[in-house]
Structures are given as C-alpha cells and as structure tokens.
Amino acid sequence: MLRNTVIPEAPMFKPEFPPQESETGVVLLDEDGKPEERVELAFKGLPEYDPVKSWNSDSSSPFRYWKIRDYAYAYRSKLTTPSIVAERFILAMDEFNNKKPPTPLLISYDPELLRKQAADSTRRFEEGNPLSVLDGIFMAIKDDIDCIPHPSKGGTSFFHEVRPIEEDAVCVARLRRCGVILVGKANMHELGLGTTGNNPIHGTARNPHAPERYTGGSSSGPAAIVASGLCSAALGTDGGGSVRIPSSLCGIVGLKSTYGRTDMKGSICDSGTVEIIGPITSSVEDAVLVYSAILGSSTAERISMKPSCPCLPDLTSHESSKILGSLRLGKYTEWFNDVFSTEISDKCEDVLSRLLETHGCKTVEIVIPELHEMRIAHIVAIGSESASGLNPDFEDGKKVMFTHDTRTNLALFQSFSASEYVAAQCLRRRLMYYHTEILKNVDVIVTPTTGMTAPVIPPSALSSGETDMQVTGNLMRFVVPANLLGFPAISVPVGYDKQGLPIGFQLIGRPWCEATILRLGAAIEELCSAPKKKPLQFYDILKGN
C-alpha cells in the first residue's frame, strides 16, 4: 500500500510533541534525583489506606490482591520478613515448574540468589533502615531487559550468546537502589514479535484465570506472575501493546509511559521508535510507585524531545475530585464498538456511565481518521526496526534457531522497502497532527484495551507456534496509537465477560501527561473494585494462605 503512495507530509522518524499545558494537582518529581526519593514522594501522594484492616481480614472477605503498602506494613510490623516470603515464593515456583501441562513463568531463575536478596532486605528491616517502600518487594523482569547475572535471551534459545550483558538495564538499576527483590527473567513471546505469549522454546505461559488460554503478549510471563500473586509487579516492554494486552487479558494494570520518558538502555529493543519499558502491577497505586522509581529520560531523549517535568497525581488532595470532574473523555464510537464480543464494549460503556454519575466526567464524541493506515504505518515502523536489529543474526545462519512464528514475521518485515519505511514516517506526522488536534478538545481518549478476551491456546501451537492474524488484529485493535505516536496509555481491569475472563479499559493521554491517566485509572479501579475474581492459579505468598 505505501510503496506507491505519495504522502505530502515530511517524515517524522520518532515522536515529536508540541508543548503541553502543565497538569494540576500533581506531585513534581526530579528525574535526576535518587529513585528512592521519587518513590517516597509518590508514596506521600497516595490516598489514605489502612493496611491493618486488610491484614486482619478473614478468608471469607472478598478477594483482593495485596498492595505494595501491605507488604511494607507487614515487614515494618515484623508480621513477616522478606526471607519468609522468599521461601513461599520458591515453593510456589517449584509447584509451577511441575505443573502438567508446564506453566513456565520464568526463563532464568536462581533460588539462592533470591534468598540472598531477601536476606539483605530482611537485615535492613531488622536494623530499621529499609531503602524505600519498595524494599523487599518481589518483581520479575521481562527477558528482553538486562538484569545481572541473568542472561537476556529475549525468549529465544541463543540470543544471550550474541548479546552478552555486563550490567543492569538503567530501569533495573533504579529498582535495585530501592531495595526491590528481582526474582528472575520472565517468559515472553520470542523477541516480542507476537501478541499471544506463545513460546515453543521455553514453554507458553498460561493465563492464571483460565490456564487453557493465552496470557497475551509479548510480556506474557510478567503478566502471569503478577496475576498469580507471586510478584507485586513486573517490568515489561511495549512496542505494540505488549504491556497493556497481557495486563488486560490477565485482569491487572499495565502502564505505557510517553515515548522517551524512561531510559531504554539495557533492553534488547533500545533503538526503536515505538517501544517503552513499563510496569505491570495488580493495582494502579502500585503502578504509580514502580513508575516513579524507573522514570527518567536518557540524555539523548532530553536533548531531542525536551520532556516536561515528570509528575504524579496527588491523590490526597481535596482538588483531586474536582480535577476528575473536569476531565473530558474522547470516544470514537465506531472504533470503541469494533470488538469481537459486545460484552467488552458494553462493560467499557458502563464504566463511562459510572464516571459521569460519580465524578461528572463528560464523554465527548470524536472521530479519528485513517485508523487502518495507522496500523499499517505501525507494522512497517516496528517491523523494519526489528528486522534491522535482527538481520545480522538472521542472515548469519541462525534463522533455523528462531521459531516458525518469528521467521514468518521477519520474512514479512524484510519485505518492507526503504520507501515504505519513509512513507510510514510521513504518515506518523499526519497522524500526530490528527491526534494533537483531537487532544486539544479532550483530555483522554478512551477505548477497550483489546478487541477480545483471552483466546484459547490451540494444542498444536504449544510445540510448533502459531501465526493467527485474526487474533492478532483483535488483540492489537486499540493499542497502536500510543506506540506509533508515543502517547502514554494505561490498561485498567473493569470486570469480566460471561466466561469469567478479564476485560481491560484503556486510557490514552496527552504526551508527558501520565498523571492524568493515572488519576483517572485510580478512579476507574475504585468504581470497578468489586466483585474481584480470584484467579484459578493464585498464591498468597505474603500470609501463606
């Protein structure tokens, strides 16, 4: 389509944003400061919460995930220790690894390394010197983000051999400074080139709500390990919905920040123009805490993109409700309703009604031109950039080491011409103009996160992989604008379909305006807090129940 198309706009080779108005009711953060100090500021901006009440609730209480604040309370009150929790984690991992069929959450994992980190954290609590509210919090790192001493395989069998690592990724190093316990490298769709999470090499992670179904991808392991209760948070990468899709399908929260907001150094996809590293958590407030730790642009991005000062919503402020009520939510109805099952759009429509009724948030009808062209521009951009990075290994005799799924995708990507890549960047500029104009009249664009709930895993796909473009199209239907144009977006769970499968609601914000989507996400989470469905595969490693 793009090869013989004349597009008058000049190419935009990475997102370029006009200056944005400052957000109100926020906590300003210093991206040059210490990550543990940013986490402390984020913590002070969280709403009132009583962890004592949560800790003392009995087994008959409705299901809920433990928050990071619950762990911090239990450690500080000496109700448990990171070392005790680590032993529960190790037992649960042993059980997972022995499941039939296999349910591989981690590709690289060392129980002794985990015990050492937990012992160090336990000692800090005994001495009364925890590094931050994240000290002793268990987190998994997607296998395309460097985390020493674990290799970064990117879900392949060999990539660590051609790309050895020497240090943590920047975002991982920031988490270490906060005392986070890094449990290992989480499973993923090979090289991130898929949306289901299928991986015939290491095994396919399964959806904790329905083990016969996919988690979504490519951050499959991170989403599954958080949804299973084994980790409070995980880091994923998102170049085409790879944080938001699995978060939606697994009933948890996935945050994609503005392109350039977080330093990508130390990730396999660190040279692309659509990818970010983002947190996957069980609650919006936990996403706030983890995001505050990892944020901070690279020097190059600060020079070229001139990001505004990072900030978070002050959810303790009396103004917060007033700010919520002033938000205008943009809804393109034709797109919003383009779902595999109307259960998804109906559930998301109900959220908009409740936001209006409870907070006064008005929904404004919008029209987004050239959605089909945007999907093409995105696949040409991310595909060309992926092929460019992988071509040396692909042509160096390692083609046979990739899965059939990956080979199919790379064959498609290698068919794109230079003129098509440039045309995609011209489209990016045009589409940026459309969205910038829309976001002058609304504060947030709202959609379902995915066009379908978790798809069933075909038995044959476990050993041979799978390329199902209809499933891919359904899963990616709403996620592309935030990647191609670099906008921040978040997926928040809002309920379930008739089969009990989670449904996610997506908020797309203005550039650098993470505070707005986090504020609105927290409000949606509160509106949709009950009843929460306990996943079929769930472990309470905090209390050991």
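Which are the buried residues of α3? The first legend takes that up; like the others, it describes a predicted model.

**Figure 1. Helix α3 and what sits over it.** Helix α3 spans residues 68-76 and is mostly covered, with seven of its nine residues buried. Those buried residues are I68, R69, D70, Y71, A72, A74 and Y75. A whole set of elements helps to cover them, including the helices α1 (35-44), α2, α4 (82-97), α5 (111-126) and α10, along with the strand β3 (138-142). Just past the helix, look for K78, which follows α3 and has a positive phi, near 60°.

**Figure 2. The largest pocket.** This one has a volume of about 1400 Å³. It is lined by 41 residues, and the closest to its centre are Y49, R64, Y65, K67 and S529. Four helices each supply at least two residues of the lining: α2 (51-55), α10 (284-294), α12 (319-326) and α21 (514-527). If you want to pick one helix to follow, take α21, which gives the most to this lining, with five residues. As for the chemistry of the walls, the lining of the largest pocket has 15 nonpolar, eleven polar and 15 charged residues.

**Figure 3. The second largest pocket.** Here the volume is about 1000 Å³. The lining takes in 48 residues, and G192, L193, G194, I382 and F413 lie nearest the centre of the pocket. Elements that each supply at least two lining residues are α6 (159-162), β7 (233-238), α15 (371-398), α16 (404-414) and α19 (469-476). Helix α15 has the largest share, at ten residues. Sorted by class, the walls of this second pocket hold 15 nonpolar, 20 polar and 13 charged residues.

**Figure 4. The largest cavity.** The count of cavities of 30 Å³ or more comes to two, and this view shows the largest, with a volume of about 80 Å³. Its lining is made up of Y65, W66, Y71, V226, G229, C231, S232, S282, F538 and Y539. Two of these names have come up already: Y65 is among the residues closest to the centre of the largest pocket, and Y71 is one of the buried residues of α3. By class, the cavity lining has seven nonpolar and three polar residues, and no charged ones.

**Figure 5. The second largest cavity.** This cavity has a volume of about 30 Å³. Around it sit W335, L371, M374, R375, R477, V480 and P481. The elements giving two or more residues to this lining are α15 and α20 (480-484). Helix α15 again has the largest share, here with three residues, after its ten in the lining of the second largest pocket. The class count for this cavity is five nonpolar, no polar and two charged residues.

**Figure 6. Cysteines without a partner.** How many disulfides does a search of the whole structure find? The count is zero. Take C309: the closest cysteine sulfur belongs to C311 and is 6.7 Å away, so the two are too far apart for a bond. For a pair to count as a disulfide, the sulfur atoms have to be within 2.5 Å. C361 is in no disulfide either, with the nearest cysteine sulfur, that of C528, 12 Å away. Are C309 and C361 buried or exposed? C309 is partly exposed, with a relative accessible area of 41%, whereas C361 counts as buried, at 0% relative accessibility.

**Figure 7. A205 and its surroundings.** Zoom in on the loop between β4 (181-186) and β5 (206-207), and you will find A205 there. Despite its place in a loop, A205 counts as buried, because its relative accessibility is 0%. Leaving out residues up to four places away in sequence, A205 touches P104, N187, G197, T215, S220, G221 and A224. T103 is worth labelling too: A205 and T103 are 102 residues apart in sequence, yet 5.2 Å apart in space, C-alpha to C-alpha.

Definitions and conventions:
Residues are numbered from 1 along each chain as its sequence is written. This is a predicted model: local features need pLDDT of at least 70, side-chain atom pairs count only at pLDDT 80 or more; totals for chains, interfaces and linings use all residues. Side-chain values use heavy atoms; hydrogens and water are left out. On a 1 Å grid over the protein atoms alone, a cavity is a set of points where a 1.4 Å probe fits but cannot get out, and a pocket is an open set with protein on both sides within 12 Å along at least five of seven lines; lining residues have an atom within 4 Å of a point. Grid points are joined across faces, edges and corners, and a volume is the space filled by probe spheres set on the points. Ala, Val, Leu, Ile, Met, Phe, Trp, Tyr, Cys and Pro count as nonpolar, Asp, Glu, Lys and Arg as charged, and the others, Gly among them, as polar. Buried means under 20% relative accessible area, exposed over 50%, partly exposed in between (1.4 Å probe, protein chains only). Contact means heavy atoms within 4.5 Å.
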